[in-house]
Amino acid sequence: MKFLVDFMLGRLCKWLRLLGYDAEYFLPGKKSDLIYRSLKEGRIILTRDTKISKKKAIKRILIKSDYIEEQMGQLFRELDLQIEYKKVFTRCLVCNMEIKPIEKEKARGRVPSYVFQTQENFYICANCDRVYWKGTHWGLVKEWLARYKQKS
Ligand SMILES: [Zn+2]
């Protein structure tokens, strides 16, 4: 499942990337370009704009809430999203590229030293060069997702 996400829905886009979904932003512009891209790349459009035609796009979801928890809830309900834990944290949150594991030594000096000392697994985005690691936030995300899944 791939997405084209309205730039107004920035947090939602990041959460989808965090879960490992291919989620690209779109900026306000020609609606025909948006629909063309959705069809060509097979992406579901997530938007708050009621004017975006329902008919031509493969699928369009009108996001109702302002709150990320409710937005995610809507997607879980309407798309039957599944959380695949092995895909969580496999994408760069900034550019949507898949991140690749790197040797620990290569992360030296590029992450805070306490992170370097306490973490073993590091990943890099080939596009923007950001280094990622599964730190404490990783545990929190897993907890949140587990709780969330039970509710939905
Ligand atoms: Zn990146």
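Let me start with a hairpin. Strand β7, residues 131-133, runs antiparallel to β6 and is joined to β6 by three bridges. This is a predicted model, so please hear everything that follows in that light. Within that hairpin, five residues lie between the two strands, and one of the points to look at is aspartate 129, with a positive phi near 75 degrees. Across the pair, phenylalanine 122 stands opposite tryptophan 133 in β7.

β6 has another partner as well. Strand β5, residues 99-102, pairs with β6, residues 122-125, in the antiparallel sense, over four bridges. Here phenylalanine 122 turns up again, as the bridge partner of isoleucine 102. If you want one residue to find your way around these strands, take phenylalanine 122: it faces isoleucine 102 in one pairing and tryptophan 133 in the other.

Now the chain as a whole. Six helices and seven strands are present. Read from the N terminus, the elements go β-α-β-α-β-β-α-β-α-α-β-β-α. The chain is divided into domain 1, residues 2-79, and domain 2, residues 99-151. How many Å separate the centres of domain 1 and domain 2? Taken over C-alpha atoms, the separation is 26 Å. The C-alpha trace of the chain spans about 55 × 35 × 20 Å along its principal axes. There are 152 residues, of which 21% count as buried. Of the contacts with a separation of 6 or more, 46% are between residues 24 or more positions apart.

Next, the other sheet. This is an open sheet of four strands, in the order β2-β1-β3-β4, and the pairing is parallel. β2, at 22-26, and β4, at 60-62, are the edge strands, each pairing on one side only. From one strand to the next, the twist averages 25 degrees. In the middle of that order, β1, residues 2-6, pairs with β3, residues 43-47, over four bridges in the parallel sense. Valine 5 has leucine 46 of β3 opposite.

Those two residues lead to the core. The largest nonpolar core has 18 residues, and the ones with the most contacts inside it are Phe3, Val5, Leu12, Leu16 and Leu46. Which elements give two or more residues to this core? They are β1, α1 (10-18), β2, β3 and α3 (68-79). α1 supplies the largest share, four residues. As a general remark, nonpolar side chains in soluble globular proteins tend to be buried together.

Phenylalanine 3 is worth a closer look. Leaving aside neighbours within four places in sequence, phenylalanine 3 is in contact with Leu16, Tyr21, Asp22, Ala23, Arg43, Ile44 and Leu46. Charged residues are on that list too, including Asp22 and Arg43.

Last, α1 itself. The buried residues in α1 are Leu12, Cys13, Trp15, Leu16 and Arg17. What do they pack against? The buried residues of α1 pack against β1, β2, β3 and α3. An α-helix has 3.6 residues a turn, so residues three or four places apart point the same way. Leu12 and Leu16 both appear among the buried residues of α1, and both are among the core residues with the most contacts. After α1 comes glycine 20, with a positive phi near 100 degrees.

That is the tour: the antiparallel pairings of β6 with β5 and β7, the four-stranded parallel sheet, and the 18-residue core to which α1 gives the largest share.

Conventions
Residues are numbered from 1 along each chain as its sequence is written. This is a predicted model: local features need pLDDT of at least 70, side-chain atom pairs count only at pLDDT 80 or more; totals for chains, interfaces and linings use all residues. Two strands pair if DSSP finds at least two bridges between them. Axes are lines fitted to C-alpha atoms, for helices over the stretch in contact, and angles run from 0 to 180 degrees between N-to-C directions. Domain bounds come from an automatic or database domain assignment. A nonpolar core is a set of buried Ala, Val, Leu, Ile, Met, Phe, Trp, Tyr and Cys residues joined through C-beta atoms within 7 Å. A residue is buried if 20 or more other C-beta atoms lie within 10 Å of its own, exposed if 12 or fewer, and partly exposed in between; C-beta atoms are placed from the backbone. Two residues are in contact if their C-beta atoms, placed from the backbone, lie within 7 Å.
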